[in-house]
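The exercises below are to be worked with the sequence and the coordinates open. Each task is followed by a solution in steps.

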Amino acid sequence: MNILSSLKAKVKTLLKLHGDTYHEPDARDKYLEAIELSYLYSMFNLFNRVRKVPGHIVEVGVGAGRNAIVLGKLLKFTSQHSNAKYFGFDTFESYTKLDLKENDGLSSTRWKDNSIEFVKNRIDNHGLNKICEFIVGDIRRSLPEFIKESHARHGGDSLYCRLVYIDTSSYTPSKVTLEALYELVVPGGIIAIDQRRQGGEWKALVEFCEEAGCKLVVGDNYNDVPAYILKE
Ligand SMILES: C[S@@+](CC[C@H](N)C(=O)[O-])C[C@H]1O[C@@H](n2cnc3c(N)ncnc32)[C@H](O)[C@@H]1O
């Protein structure tokens with residue numbers, strides 16, 4: 001059973017427990033399916049929290065580009081795309097050997113079909129190529145290099161972020177991201193993790209909060225992001 005089928009089975013069970021029944025949605029209303037709608041609700045809420053905060057959006061772990069499309073569109077819908085961009089970091093060939101060694105339960109094949117060409121093509125089809133920029137490579141190296149280059153090109157203050165979304169499902173890439181980007185998040189901005197079951201992202205966030213002396217906020221409900229830092 002793949003992850004989506006297993007999630008669907010869980011949603012059906014949950015709905016039954018609450019006395020509701022589950023119906024496959026009409027194909028035209030696919031986004032109304034509980035999993036899809038719940039995910040969109042969580043991303044819309046997250047974006048709304050930083051809607052009025054200046055700065056860019058960074059995602060580490062782009063996958064097939066779903067959040068690039070959602071967040072890029074939200075920047076466009078709110079007319080903020082001329083001064084805020086989405087930057088997405090990924091190997092675009094799944095987890096690194098180091099990540100597979102370091103984190104139990106990751107699959108080397110799960111995200112391997114999302115090449116940079118494939119993701120960029122999706123972004124083009126959505127008319128987002130001027131809003132969404134992608135950085136290829138292991139986050140351990142690509143993120144510090146990108147920050148250094150960006151500072152060299154635009155001056156030290158160029159890469160202010162309103163939202164950093166961590167979705168690599170692994171410990172070191174999450175920790176590297178927190179350490180590199182926390183300083184660049186503007187007051188009122190957010191660093192959030194995606195991982196619902198506690199694992200590498202959680203461990204990195206909890207550790208970082210202890211080290212940096214910042215508060216870890218847990219999401220409001222199941223449909224919220226699981227945990228985040230709200231920069232003061
Ligand atoms: C869970 S997927 C991201 C899904 C995406 N955020 C979405 O919502 O559709 C995790 C991604 O993290 C990337 N990744 C994992 N470890 C990485 C690393 N060390 N450097 C760069 N990318 C990494 C994988 O290639 C994979 O595409």
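The model is predicted.

**Exercise 1. The core around Ile191**

Task: Find which residues Ile191 touches, leaving out those up to four places away in sequence.

Solution. The contacts of Ile191 are Val164, Ile166, Leu178, Leu181, Tyr182, Val185, Tyr228 and Ile229. Next, place Ile191 in the largest nonpolar core, which has 43 residues. Ile191 is among the members that touch the most other members, together with Tyr86, Cys161, Val164, Ile190 and Ala192.

**Exercise 2. Val185**

Task: Decide whether Val185 is buried or exposed, and list what Val185 is in contact with beyond four places in sequence.

Solution. Val185 belongs to strand β5. Val185 has 23 C-beta neighbours inside 10 Å, and therefore counts as buried, the cut-off being 20 or more. Its contacts beyond four places are Cys161, Val164, Ile191 and Lys231. A further check concerns Pro54: Val185 and Pro54 lie 131 residues apart in sequence, and their C-alpha atoms are 9.7 Å apart in space.

**Exercise 3. Arg197**

Task: Give the location of Arg197 and decide whether Arg197 is buried or exposed.

Solution. Arg197 sits in the loop between β5 and α8. Arg197 has 9 other C-beta atoms within 10 Å, so this residue is exposed; the limit for that class is 12 or fewer. From Arg197 to Leu74 the separation is 123 residues in sequence and 27 Å in space, C-alpha to C-alpha.

**Exercise 4. Helix α2**

Task: Compare the expected span of α2 with the distance between its end C-alpha atoms, then say which residues of α2 are buried.

Solution. Helix α2 has 16 residues, 34-49, and at 1.5 Å a residue should span 22 Å. The end C-alpha atoms of α2 are 22 Å apart, in agreement with that value. The buried residues in α2 are Ser42, Leu46 and Phe47. Viewed down the axis of α2, these buried residues fall within an arc of 130°, so they line one face of the helix. The elements covering them include α3 (66-77) and β5 (185-193).

**Exercise 5. Helix α8**

Task: Repeat the span comparison for α8 and locate the buried residues of α8 around its axis.

Solution. For the 13 residues of α8, 200-212, the expected span is 18 Å, and the end C-alpha atoms are 18 Å apart, which agrees. The buried residues of α8 are Gly200, Glu201, Ala204 and Leu205. They cover an arc of only 130° around the axis, so they lie on the same side of α8. Their cover includes β4 (161-166), α7 (171-181), β5, β6 (216-218) and β7 (227-230). After α8 comes Gly213, with a positive phi near 65°.

**Exercise 6. Phe92 and Ser94**

Task: Find the phi of Phe92 and of Ser94, and assign a burial class to Phe92 and to Ser94.

Solution. Phe92 is not a glycine, yet its phi is positive, about 60°. Ser94, also not a glycine, has a positive phi of about 80°. Phe92 is in the loop between β2 and α4 (97-102), and Ser94 is in the loop between β2 and α4. Phe92 counts as buried because it has 24 C-beta neighbours inside 10 Å. Ser94 has 18 such neighbours, so Ser94 counts as partly exposed.

**Exercise 7. The ligand shell**

Task: State how many residues surround the ligand and which are the closest.

Solution. The shell holds 23 residues, the closest being Gly61, Gly63, Arg66, Trp111 and Asp167. The elements giving two or more residues to the shell are α3 and β2 (86-90). Sorted by class, the shell has 7 nonpolar, 10 polar and 6 charged residues.

Definitions and conventions. Residues numbered from 1 in each chain as written. Predicted model: local features only at pLDDT ≥ 70, side-chain atom pairs only at ≥ 80, totals over all residues. Helix = DSSP H or I, 4+ residues; strand = E, 2+ residues; numbered from the N terminus. Expected span 1.5 Å × (residues − 1). Arc of directions from axis to C-beta. Contact = placed C-beta atoms within 7 Å. Near = placed C-beta within 6 Å. Nonpolar A, V, L, I, M, F, W, Y, C, P; charged D, E, K, R; others polar. Core = buried A, V, L, I, M, F, W, Y, C linked by C-beta atoms within 7 Å.
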